[in-house]
Amino acid sequence: MRGAGLAALSTALRGDDGQAGDQHTGRGGWPYPSLVQVAFDLDGTPLLLLSTLADHTKNIARDPRVGLLFDGTAGLAEPLSGPRLSVLGRAERSEEPRHRARFLARHPGAALYAGFADFSVYAVSVERAHLVAGFGRVRWLDRADLLLPGVPAALAEAEGAILGHMNADHVDALRLYATVLAGRSAEGAEPWAMTGIDPDGCDLRRSGEMARVDFDHSVENPEDARVTLAGLARQARQSALGSAPGAADDPVGSPVDSNDRDG
């Protein structure tokens with residue numbers, strides 16, 4: 001789910017608004033599917049940027065229950081053999097600055113209209129989900145199976161500094177994360193950028209292409225993030241070049257400003 005940039009959003013079509021010529025008269029409650037961009041909070045909560053002018057936002061105002069379909073079948077010869085996840089929850093408007101920042105980092109093009117008065121970020125409070133991992137591999141998941149128990153404050157506060165440091169000083173490491181660890185193509189003139197980091201992994205973007213690199217343990221603070229990202233860079237370099245372990249002491253340096261480290 002965390003690696004997705006798009007999802008199909010389903011809302012309950014609102015009924016008659018009592019206005020002459022209302023186009024939804026007699027259709028209240030019908031499922032209304034649409035395509036939306038999606039980002040995630042550090043704990044995995046889905047985030048949407050919606051306009052009050054859109055039908056799905058008007059539907060949410062009447063009934064906040066939503067469904068999100070995440071499709072992981074792209075590129076498969078037999079799509080139904082691939083994974084997809086249907087998430088059920090309630091969408092609520094969010095004024096949390098971190099939510100907006102994370103959404104715009106993941107979808108920078110949305111900055112063109114995110115400031116318009118009719119646009120707001122909505123956080124989806126997940127209740128449960130239905131996972132189809134392939135033929136015969138089907139089960140329901142509880143909220144605790146999808147989301148972390150909370151947002152680690154130290155990592156959340158340092159995220160901006162970590163992203164700024166990685167994107168400014170370690171473009172080569174980000175390229176290795178994407179091409180070696182996430183298996184993305186090495187072709188392309190534009191550099192990869194880190195758009196988010198959370199306890200489970202980090203998110204990367206190049207133009208409209210996204211990639212996710214998972215961590216092998218839960219990262220809760222900036223120092224652990226530095227050590228983990230450095231280890232991933234060494235791992236990627238060794239895989240790409242066949243270099244011996246220990247060839248680089250700290251390939252990604254510190255995710256915080258050097259002045260902060262020097263006191």
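**View 1. The β10-β11 hairpin has a two-residue turn that holds Ser207.** In this predicted model, β10 and β11 make a hairpin with two residues between them, and Ser207 in that turn has a positive phi of about 55°. That is a positive value in a residue other than glycine. Ser207 belongs to the loop between β10 and β11, and at 40% relative accessibility Ser207 counts as partly exposed (buried is under 20% relative accessible area, exposed is over 50% and partly exposed is in between, using a 1.4 Å probe and protein chains only). The two arms, β10 (residues 201-206) and β11 (residues 209-214), pair in the antiparallel sense over six bridges. Two strands pair if DSSP finds at least two bridges between them. Look along the arms for Cys202, whose bridge partner in β11 is Val213. Helices (H or I, at least four residues) and strands (E, at least two) are DSSP runs, numbered from the N terminus.

A word on the numbers: residues are counted from 1 along each chain as its sequence is written, and side-chain values use heavy atoms, with hydrogens and water left out. Since this is a predicted model, local features need pLDDT of at least 70 and side-chain atom pairs count only at pLDDT 80 or more, while totals for chains, interfaces and linings use all residues.

**View 2. Zoom out a little and the hairpin joins a three-strand open sheet.** The strand order is β9-β10-β11, with antiparallel pairing. β9 and β11 are the edge strands, each pairing on one side only. From one strand to the next, the twist averages 20° (axes are lines fitted to C-alpha atoms, for helices over the stretch in contact, and angles run from 0 to 180 degrees between N-to-C directions). β9 and β10 run antiparallel and are joined by five bridges. In β9, Ala193 stands opposite Arg205 of β10.

**View 3. Helix α6 takes up residues 222-241.** How far apart are the end C-alpha atoms of α6? They are 28 Å apart, which agrees with the 28 Å that its 20 residues should span at 1.5 Å a residue; the expected span is 1.5 Å times one less than the number of residues. At the start of α6, a side-chain oxygen of Asn221 comes to within 3.2 Å of the backbone nitrogen of Glu223. The buried residues of the helix include Pro222, Ala225, Arg226, Leu229 and Ala233. An α-helix has 3.6 residues a turn, so residues three or four places apart point the same way. Among the elements covering the buried residues of α6 are α4 (153-169), α5 (171-181), β9 (193-198), β10 and β11.

**View 4. Here is the largest nonpolar core, with 25 residues.** A nonpolar core is a set of buried Ala, Val, Leu, Ile, Met, Phe, Trp, Tyr and Cys residues joined through side-chain atoms within 4.5 Å. Which members touch the most others? They are Ile162, Tyr177, Met194, Leu204 and Leu229. α4, α5, β9, β10, β11 and α6 each supply at least two residues, and the largest share, six residues, comes from α4. A second, separate core has 22 residues, including Leu48, Ile60, Val66 and Val124.

**View 5. β7 and β8 make another hairpin, with Gly136 in its turn.** Two residues lie between β7 and β8, and Gly136 in the turn has a positive phi of about 75°. β7 (residues 119-134) and β8 (residues 137-142) pair in the antiparallel sense over six bridges. His130 stands opposite Trp140 in β8.

**View 6. Two residues of strand β6, Ser86 and Glu92, are picked out here.** β6 covers residues 84-94. Ser86 is partly exposed, with a relative accessible area of 29%. Leaving aside neighbours within four places in sequence, Ser86 is in contact with Leu68, Leu69, Arg128, Ala129 and His130, where contact means heavy atoms within 4.5 Å. The C-alpha atoms of Ser86 and Met1 are separated by 9.7 Å, although these residues are 85 apart along the chain. With the same kind of neighbours left aside, Glu92 is in contact with Val121, Tyr122 and Ala123. Glu92 and Arg65 are 27 residues apart in sequence and 9.4 Å apart in space, C-alpha to C-alpha.

**View 7. The whole protein has seven helices and eleven strands.** Of its 263 residues, 44% are buried.

How values were computed
A polar contact is a pair of N or O atoms within 3.5 Å; within protein, one must be able to donate a hydrogen and the other to accept it, and residues adjacent in sequence count only if both atoms are side-chain atoms.
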